[in-house]
Every structure is written in C-alpha cells, then in structure tokens.
Amino acid sequence: MKNLNNFRSLFLAASLAFSAFTFTSCNDDNDGPSGAYAEDGVFVVNEGNFQQSNGSISFYNNNTNQIQQGIFSKENEGRILGDVVQDLTISSDRAFIVVNNSNKVEVVNANTFQSLGTVEGVALPRYFTVLNNDKGYVTEWVSFSSPGRVAVVDLNDYTVTKTIEIGAQPEDLLLVGGKLYVTNNGDNTVSVINTATDAVEATITVPDAPTDLVLDRNNNVWVLSAGKVVYTPDWSAIDYDQTTAGALSLINPSTNTVQASYTFDSNQSQPGNLAINGSGDKLYFTYNGKTFVQDISASSLTNAVFLDRSFYGLDVDPETGYIYGGDAGGFSGNGTVYVYRPDGTQVKTFTAGIAPNGFVFN
Amino acid sequence: MVRFPFRIFFICILIASYAGLASTAVAQQDSTAHQLRVVEIFGKPAEVYAVGSHVTQLDSTYLSTYSSSTLADALQARTPLYFKSYGASGISSVAFRGTNASQTAVLWNGLNIAPATLGQTDFSTLPVTGFGEVAVQYGAAATNYGSGAIGGAILLSSPDYDDHKGLEADIKLEAGSFGRYFGNGSVRYSGKKLSYGLSAYSLWVENDYKFKDLSRFGKPEVRQEHASVEQRGLTQDIGWAITPKTKLALHGWYTFSDRHLQPAMGSVYANEKQRDESRRLMATLQHESWLGKTDIKLAYFNDFLHYTDRNNDSESDVDAYQLQAEQTYAYGRHWSLRGGLNLQHYQAKNDGYAGEQDESRASVFALFRYDPLEHLQLSLNLRQAFAENYNPPLTPSFGFTYKPLQNDLLAIKGSLSGSYRLPTLNDRFWLGAGNPELRPEQGKNTELGLLHKTVLNQTELTLEATAYLMQVDNWIQWAPNERGTWRPTNLQKVENKGVELSASAKRKLGQLSLQANAGYTYTSSEQQKVYEGSGNDVGKQLMYVPLHKGVFSAEARYQAWSLLGNLNYTGLRYTSNSETNSLDSFLLLNLALTRKIKLQQNTLLLTLRTDNVTDEVYQTMLNRAMPPRGYTFSLRFIIP
C-alpha cells in the first residue's frame with residue numbers, strides 16, 4: 001500500500017510539477033489556475049474536537065460570498081481529514097494540511113483539494129512551511145516529555161528525509177533569508193536552522209513559552225511568548241507565583257539578538273494569535289479577553305484595544321488588511337468567522353466548521 | 001489552538017462532558033412477599049406512585065439469551081433509548097427522550113448509583129446478569145427517584161428468591177467472534193426463612209474486527225487493535241425473614257472493567273486505557289405493623305476510575321453513603337400514602353480537585369396514591385431536596401389513569417411532572433473550572449397516553465401510544481468562556497417533544513408460540529434559549545439525538561427450539577449542534593437460535609447467536625468503527 005502510495009504520490013508530484021510550470025508560464029496572460037478553490041477567497045482551518053477526527057477545511061469564496069464546508073472530504077470521496085487540524089500552508093499549487101493528533105500532513109492540490117499524498121510518521125506535528133518545490137519543514141512535538149524536532153520533508157515523494165532535534169514543543173516556523181526560525185514553546189528559546197545544512201546554527205533566548213512568529217516590513221522577527229504556566233506539584237491548579245507573564249519581543253535576524261522585549265502586565269492571561277498586516281507595520285494579538293493592535297514602531301506595549309473580544313484564531317488578509325477572527329463558540333457546533341476593517345468595523349460574518357483556528361488567504 | 005494546558009484540560013472535559021449529577025433516591029422497592037398487600041392492590045412497585053407513566057421491562061428471554069452483553073447493548077437493542085458508544089470498547093452514554101447522559105437516573109434496588117463526580121453512568125460497564133429485573137421508566141420521575149430522573153430512569157433490582165425452591169445452580173460458557181469469551185455461574189438457595197444468591201461473571205473481548213479506515217488514502221481495510229475489554233463482577237444477595245413481618249436483606253454488587261479505549265478513525269492511539277471498579281453494598285430492613293410498612297435502606301457505594309494515556313494519569317475515587325427510610329400506609333383499596341427521607345453523603349478524591357471534597361444532600365418526599373373509583377387512579381407526589389450550596393425547588397408530580405370503558409380494554413393515562421438535577425461534584429469542585437454560581441437543572445414533563453389491550457383471534461394484543469412535551473431549563477454544559485477556560489454554566493433551555501408507540505402480540509398455534517414487540521419513537525430535541533455565547537444553534541436538533549428510532553423483536557418457540565430476532569432502526573443523528581454533519585441511519589439485525597435439552601431434571605441450553613447479521617457498517621459516535629457480523633455460541637446448564 002505504502003509503495004503504491006509513494007508511486008502515486010510521485011506520479012502526481014510529477015504531473016503537478018508540470019502543471020505548476022504551466023501555471024507559471026500562463027501567469028503573464030492573467031489566466032489563473034482552475035479549480036473550485038482557485039478563486040479569490042479564504043480557507044478556514046477548523047480544528048475540530050479533540051479525539052473525534054472531525055477537523056475540516058472550509059472555503060469562503062469572495063466573489064460569490066458563498067462558504068463551502070468540509071472541502072477535503074467533499075473532494076476526496078468522503079475521506080476523513082483527521083483529528084485536530086492545526087495548520088494549512090499553501091505554496092504554489094499545493095496545500096499542506098497539518099493534522100496534529102493524526103500524526104500526518106495531508107498534501108492536496110490547492111485548487112481542487114484533491115489528495116496528492118500524505119506525509120506519515122510525523123509525531124504530533126504542528127506547523128508546516130515550504131522552502132522551495134523540493135523541500136518543506138514541519139515542527140513536531142514528538143511527545144510532552146521529550147525534546148521536539150523539525151522534520152525535513154521531501155516534497156517530491158512526501159517522505160521525511162531528516163529530523164533536527166530542537167527545544168520542547170516546537171510551534172511556529174518562519175523563513176527569513178534562508179534561515180528557519182522556530183519557537184520552542186515548551187522552553188524559552190527560538191532555534192535558528194540553516195536551510196542549506198539543515199542544522200541548528202543559533203539558539204536565541206526569549207521570554208518563556210514562545211508561540212508565534214511574524215516578519216515585519218523592516219525584516220525584523222516578532223516573537224510572541226505566552227508566558228510559562230506553572231501548575232502546583234499535584235497538577236491541580238495554576239501556581240501564579242511561578243507562572244510568568246507573556247511578552248512580545250523583537251529579534252534582529254542579522255545578529256540573532258533580542259532587540260526589544262515588552263512584558264504583559266499580568267500572568268493571569270496568556271497572549272496569543274500574533275498576526276501582522278500585509279504592509280508589515282501593525283501587529284494584532286489576543287490577550288485577556290480582548291484583541292489588541294500594536295504599531296511596530298512603538299517602544300512599549302501600547303495597550304490599544306482593537307476589539308473588545310478575543311478569538312480562537314486570528315489572521316489578517318495581506319491584500320485588504322481585513323482582520324479575520326474565528327469564534328469556536330462552545331465547541332459543540334459550528335464556529336463563526338467575523339471579518340473587520342482595519343478601523344475595527346465589522347464587514348461580514350460567516351459560519352465555518354468546528355473550532356476555526358486559522359485562515360489562509362487566496 | 002490546542003496547547004499543553006488545553007490537553008491536560010481535556011481529561012477534565014472528557015470527564016465533564018459526561019457531566020451530570022448523582023443522587024438521590026427513591027420509592028421503588030423490591031417486590032417481596034411483605035409488600036404484597038400494596039402491590040396486589042396498586043400494581044407494580046414502579047407504578048404505584050407513578051400513575052400514568054410508561055414503564056417497560058426487558059423480557060427475561062432476551063436477558064438470559066444475551067446475558068453476556070452490557071446494559072448498553074441490551075437497552076440499545078430493545079428500547080427507544082439511544083446509546084452513544086465510543087466504539088466497541090469505549091464508554092456508552094444514554095440519550096433518553098432527547099436528554100443527556102446525566103439526565104437519566106440509574107437505580108439499583110431503589111437507590112441512585114451514578115458516581116457523584118460525573119453524575120452519570122457508563123452503561124458499558126454494567127452487566128445484565130445478576131439482576132431479577134431491568135425496567136425502564138419513561139419521562140420525569142424525580143419525585144420518585146430524586147435528582148437526575150429528567151428524561152427517565154433505569155431500574156435494576158436484585159433477584160427475588162422467595163419461591164422456596166431450595167438449591168439451584170446455573171452455569172454458562174460462551175465463545176464468539178473477535179476473541180470473545182464469557183463465563184457466568186450462579187447458585188441460589190431459597191428456604192423458608194433464608195435465601196441466598198451468588199452470581200459471578202467474567203468477560204474477555206479482543207474486538208479485533210476489521211473495518212475500513214476512512215481517514216487513510218484508499219480507505220484500506222484494517223484490523224481494530226485497540227478495543228480489548230476485560231470485565232468481571234459478582235452479585236450476592238442474602239435474605240432473612242426474621243419474623244413473618246420483618247425481613248432483612250443484604251445485597252452486594254461488584255463490577256470491574258479494564259479496557260483500551262478505541263480511538264476514532266484518524267486519531268492517534270496514545271495508549272488510552274481506563275479501569276473502572278465499583279463496589280456497592282446495601283442493607284434493607286422491611287417491617288410490617290399496624291402502621292403500615294417500614295422500609296429502611298442503608299448503602300455504601302465506591303466508584304474508582306483510573307484513566308491513563310501517554311501523557312495523562314488521572315484517578316477518581318468516590319465514596320457514597322446513602323440512607324433511605326420510608327413509611328407506607330395503605331387504607332383499604334382506595335388510598336396509600338408513603339413518606340420518606342433520603343440522605344446522601346459523598347467523599348471524593350479526584351485529581352482535578354484540591355484534595356478530598358465532600359458534600360451532603362438530603363431530600364424528603366411524600367407520595368400519595370388515590371383510587372377514588374374502580375377505574376380511576378390518581379397519584380400526587382412532592383419532593384423537596386436540600387443540598388449544600390444549592391437551592392433545589394420543590395418538585396411536584398401528578399398522574400392519572402382512567403379506564404372509560406370500565407374494563408381493561410382501554411386506558412387513558414397522563415402526567416404532569418417536575419424534575420431536577422443537582423450539579424455534580426466535578427461541576428462544583430474542579431479546580432479553576434468549578435462554578436459556584438450554578439443553579440440546579442429544572443425540568444417539566446407533560447404526557448398523555450393511550451393503552452389498549454385486547455384479544456383478537458386468540459392473539460393477545462397490547463398497543464400503547466404516548467406523546468410528551470418536556471422542557472429542561474438551566475441545562476448545565478461545559479464550554480469555554482471568553483478567556484478560553486472550560487467551565488460548566490447553565491448554558492441553555494431545551495425543549496424535547498416526541499411520540500412513543502409500542503405494540504405487542506402473543507399467539508399460540510398448537511405447539512408453536514409466537515410473540516412480537518414493536519416500538520417506534522419520534523424525538524425532537526431543540527435548543528430554545530442560550531444564556532451564554534453566540535446562540536447560533538437555537539431551534540436546531542441537539543447532537544446525537546435520533547429523530548426516529550424503531551425496534552422490533554420476535555420470538556418463536558416450537559417444542560425444544562426457540563428463535564429470537566431483534567431489529568433496530570436508528571435514524572440520522574447530527575454530530576454537532578449545528579445540524580451540518582450527521583451519521584447515517586442504520587438497521588441492525590440480531591438473531592439467536594436456542595435448543596433446549598432436558599437431562600433428567602436438569603436443562604441444557606445450546607444457543608447460536610449472530611449479531612449484525614447484515615454486516616451493516618454503522619457508527620453510534622462519530623468515526624468510531626463498530627463491529628461487523630459476528631457469531632457467538634453458548635452452552636448453559638441449569639440445575640435442576
């Protein structure tokens with residue numbers, strides 16, 4: 001089965017490489033790729049309920065204002081996508097869907113969502129990024145008690161060619177000039193991997209529990225640290241004496257040093273969902289039940305409330321600057337997506353799947 | 001986005017999502033010789049003070065043929081109740097008249113056995129062996145049984161050994177598909193003053209059946225590797241008639257279950273295992289005097305649960321002490337009054353609590369049965385519960401049965417009943433989540449029914465139709481708040497309405513005897529109001545409540561042969577409260593053929609069973625593969 005799978009994947013990858021080439025050459029003619037999901041729109045990553053394998057991807061078409069739910073199942077003869085759909089990354093004509101508690105990355109054609117193959121054997125994978133047509137990286141927690149790692153994935157046959165051991169519970173990854181920055185959420189470090197050698201070349205200390213990374217217009221890396229949550233020895237409650245507050249830090253990638261770090265005022269709430277707008281000058285994040293906006297030029301946390309509510313997932317459309325927030329509700333039914341202009345007025349709202357945790361813009 | 005604390009928290013949610021309440025108790029009694037007076041006059045114990053309500057029993061042929069199955073399997077096959085089973089080995093929680101698992105009370109000899117931590121019973125850990133009777137009471141019955149009897153109640157009673165038959169024994173061995181082995185032995189002695197019964201069982205099931213893995217490319221057929229179950233248990237009942245008017249009984253019930261929890265298709269198996277162990281002891285004293293009948297029950301229940309997986313290790317251990325005292329007075333043929341008191345004390349150790357927690361609860365009740373005319377029966381009940389931290393409302397119920405034709409041909413039945421459910425210990429004590437502001441759930445149930453009994457061409461026919469309307473307010477549910485912390489709140493108001501139809505027929509044709517039962521239920525269960533959050537799902541059917549369920553069973557006996565068939569149709573069920581995704585309807589057929597062989601005074605029963613005859617691919621819980629067609633052979637030897 002596996003061989004057949006690989007063969008099929010190879011075949012599809014080959015045909016895809018060909019079609020990608022065709023696409024590139026046609027691009028000048030303004031003749032985009034075809035497929036139900038090739039139009040102007042947004043993909044919604046719906047995590048689903050833990051251990052129920054009901055994660056899904058929705059597609060909201062901006063031209064028709066129509067939402068399509070469960071597009072992976074729909075385009076793949078009712079196959080289940082999996083348990084805890086964590087991340088979706090699109091690179092040219094391929095989409096990589098990281099399914100955390102299914103230990104896999106599903107690869108589909110980004111325009112048709114038809115399956116191209118599966119990266120199997122990754123342990124609690126979290127986020128995916130693509131270096132080029134041949135190579136991608138995925139963070140793996142591996143387990144809660146061991147160091148995490150980054151797996152190097154061959155994008156021709158969807159196999160893991162190498163694993164790079166880094167810190168505990170690695171989360172987000174960001175490519176900056178051939179270097180891969182990875183947050184080690186279980187530690188207080190950001191690992192820097194040289195993509196030419198696939199080896200760790202620097203480890204930068206940041207405030208506890210870094211989660212998200214974004215690149216700003218000055219080519220600096222912003223890191224959001226959630227703060228370390230410490231439980232009492234019997235794991236029955238949070239020990240606030242030892243729990244640290246979250247922080248927003250700035251790394252200069254040319255020196256790999258932390259240039260600035262702004263600590264949040266309280267350790268009772270963990271900041272999350274760091275996103276940046278298309279022009280790379282405004283940071284958005286959630287904290288203490290609210291959504292905040294911060295100018296990259298500010299020299300402290302400005303505490304500018306963007307919205308008086310928080311979201312389960314948050315992203316910014318790089319073209320329009322619209323802010324997309326996912327509301328998971330009680331996790332017992334469909335989530336809702338709210339869309340806002342940069343001035344905070346609501347543009348629209350639509351229904352997504354269970355627990356919308358992220359957005360990818362087409 | 002799922003992060004570590006969330007994951008830890010998951011255990012809490014897993015547990016809390018079965019959240020509910022345990023509790024109180026009762027008026028239902030063992031049918032013993034000493035209460036015959038009340039029973040003879042006013043009917044079955046469960047119905048004496050619940051006039052107009054619908055009570056059914058699992059028939060004894062079914063229970064003895066399927067004695068190796070769990071209570072979940074038996075009720076799923078034979079009643080309109082829907083069980084959400086997390087695969088072949090996972091927990092099974094009930095939806096009764098559209099309510100959730102903690103809104104159905106489970107009583108053993110009249111006392112509620114749900115552990116107070118979760119407030120609900122996992123029916124996959126309860127056997128059907130060792131009981132005298134398994135009955136289902138439909139609709140709110142909280143005035144009779146206390147907290148939790150909102151959708152209905154399951155009544156388990158110990159066998160009754162008052163027949164003075166002397167010594168008897170029974171042994172059963174069974175082997176079946178998917179690595180299934182079961183053994184059960186029992187002895188009983190019934191004398192003039194003393195009776196004794198002991199029944200023990202052991203079950204091993206590998207559950208290594210094949211299924212199509214829908215999560216993988218090409219949907220390959222794979223073998224289930226993580227659904228093995230080991231269960232054992234015993235019941236022991238001692239009865240002593242101290243004097244003709246005074247009887248003492250001791251009941252003991254032990255259940256043990258150790259299993260792998262079957263993962264959903266597509267989910268990683270992280271070595272999830274669960275061990276449940278329950279010890280239940282009860283002493284009852286009954287005494288008759290000129291003041292009527294005095295009934296005292298004293299019980300100790302211990303429920304231990306140990307869940308482990310690669311990242312978690314969590315234990316819960318709860319002790320419950322219960323005392324129930326009742327006095328029943330019957331005056332002639334017209335009325336009967338029962339007053340009683342129920343006391344409960346819980347001590348719970350749980351990894352989610354700060355140390356050991358305890359809670360006490362009490363309730364007092366007055367149950368009144370009045371038959372003003374020969375063909376008119378009325379009951380009026382009141383119960384007031386008291387609980388630390390909560391203020392449960394006074395709960396009334398009223399019921400009637402009227403036979404307009406002055407005979408048994410037709411009866412019109414109806415009832416108006418209140419119900420309530422106190423928050424569970426998890427709802428109250430879970431660290432960082434327990435909500436002291438919670439109010440008890442409150443239910444209202446109205447129903448009207450017709451019962452028709454007749455004999456047509458030597459066929460005994462019984463037809464029953466019931467329509468009900470139920471509202472459950474302050475429905476407690478765990479959901480994340482604006483900071484993402486999961487906690488219980490009085491989330492919603494739900495309205496359930498439905499129709500229950502049943503028909504049974506019996507006929508004898510020479511040596512052939514035939515019996516058939518059919519049941520159909522329509523259940524609408526809608527969220528009416530939402531008190532927290534977005535409220536997107538108002539007006540939609542709640543998840544995992546089938547709109548339609550039908551059961552049909554038929555039994556034919558000819559000389560030494562008998563054939564038993566069970567058909568279960570379960571309609572579409574939504575898998576979230578948004579009505580977007582659903583599980584397909586399914587039809588399950590089970591058949592059992594039994595040959596009876598007389599060996600002198602003893603009896604040997606040979607049974608060949610096949611479950612899921614048509615090899616239906618179905619799920620009762622999203623993405624949990626269920627077993628395909630399987631075969632079971634059993635030998636049962638009965639002395640004498």
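Chain B averages a pLDDT of 89, and 92% of its residues score at least 70; pLDDT is the predictor's confidence in each residue, from 0 to 100. This is a predicted model, in which local features need pLDDT of at least 70, side-chain atom pairs count only at pLDDT 80 or more, and totals for chains, interfaces and linings use all residues. Residues are numbered from 1 along each chain as its sequence is written, while chains are lettered from A and ligands numbered from 1 in the order in which they are written.

**Confidence**

Within chain B, the lowest confidence falls in α1(B), with a mean of 37, and the highest in strand β11 (residues 210-212) of chain B, at 97. The pLDDT is below 50 over residues 1-40 of chain B, a stretch that has 141 contacts in the model beyond near neighbours in sequence. Two residues are in contact if their C-beta atoms, placed from the backbone, lie within 7 Å. For the complex, the predictor gives an ipTM of 0.84 and a pTM of 0.87.

**Chain B as a whole**

Chain B has 7 helices and 33 strands. Helices (H or I, at least four residues) and strands (E, at least two) are DSSP runs, numbered from the N terminus. Along the principal axes, the C-alpha atoms of chain B fill a box of roughly 65 × 55 × 45 Å. The radius of gyration of chain B is 24 Å, which agrees with the value near 26 Å for a compact globule of 640 residues; the radius is taken over C-alpha atoms, and the globule rule is 2.2 Å times the number of residues to the power 0.38.

Of the 640 residues in chain B, 49% are buried. A residue is buried if 20 or more other C-beta atoms lie within 10 Å of its own, exposed if 12 or fewer, and partly exposed in between, with C-beta atoms placed from the backbone. Among contacts in chain B between residues at least 6 apart in sequence, 66% join residues at least 24 apart.

**The annotated segment and helix α5**

The UniProt annotation "domain: TonB-dependent receptor plug", from an unreviewed entry, covers residues 51-153 of chain B. UniProt positions are given in the numbering used here, feature names are shortened, and annotations may be inferred rather than shown by experiment. Residues 51-153 of chain B are 17% helix and 25% strand, with the end C-alpha atoms 15 Å apart.

Helix α5 (residues 71-78) of chain B is largely enclosed by the rest of the structure, because 7 of its 8 residues are buried. The buried residues in α5(B) are B:L71, B:A72, B:A74, B:L75, B:Q76, B:A77 and B:R78. They pack against α4 (60-65), β2 (82-85), β3 (92-95), β27 (548-558), β28 (561-570) and β31 (586-599) of chain B.

**Strand pairing**

Strand β22 (residues 410-421) and strand β23 (residues 441-456) of chain B pair in the antiparallel sense over 12 bridges; two strands pair if DSSP finds at least two bridges between them. Across this pair, B:S417 stands opposite B:N445 in β23(B). β23(B) also runs antiparallel to β24(B), joined by 15 bridges, and B:G449 has B:T466 in β24(B) as its bridge partner. The hairpin of β23(B) and β24(B) has 2 residues between the strands, and B:N457 there takes a positive phi near 45°.

**The end of chain B**

B:R636 is in strand β33 (residues 630-639) of chain B. B:R636 counts as buried because it has 20 C-beta neighbours inside 10 Å. Apart from neighbours within four places in sequence, B:R636 is in contact with B:D170, B:K172 and B:L605. B:R636 and B:T603 are 33 residues apart in sequence, with 8.1 Å between their C-alpha atoms. In the segment after β33 of chain B is B:P640, and the peptide bond from B:I639 to B:P640 is cis, with omega near -10°.

**Positive phi in chain A**

Most residues other than glycine have a negative phi, and most peptide bonds are trans. Two residues of chain A with a positive phi are tabulated.

| Residue | Phi | Loop in chain A | C-beta neighbours within 10 Å |
|---|---|---|---|
| A:Y158 | about 55° | between β10 (149-154) and β11 (159-165) | 24, buried |
| A:D198 | about 55° | between β14 (189-194) and β15 (199-205) | 17, partly exposed |

**Contact between the chains**

The contact takes 42 residues from chain B and 43 residues from chain A. On the side of chain B that touches chain A, the elements giving two or more residues are α1 (4-16) and β24 (459-480) of chain B. The residues on that side divide into 19 nonpolar, 17 polar and 6 charged. Here Ala, Val, Leu, Ile, Met, Phe, Trp, Tyr, Cys and Pro count as nonpolar, Asp, Glu, Lys and Arg as charged, and the others, Gly among them, as polar.
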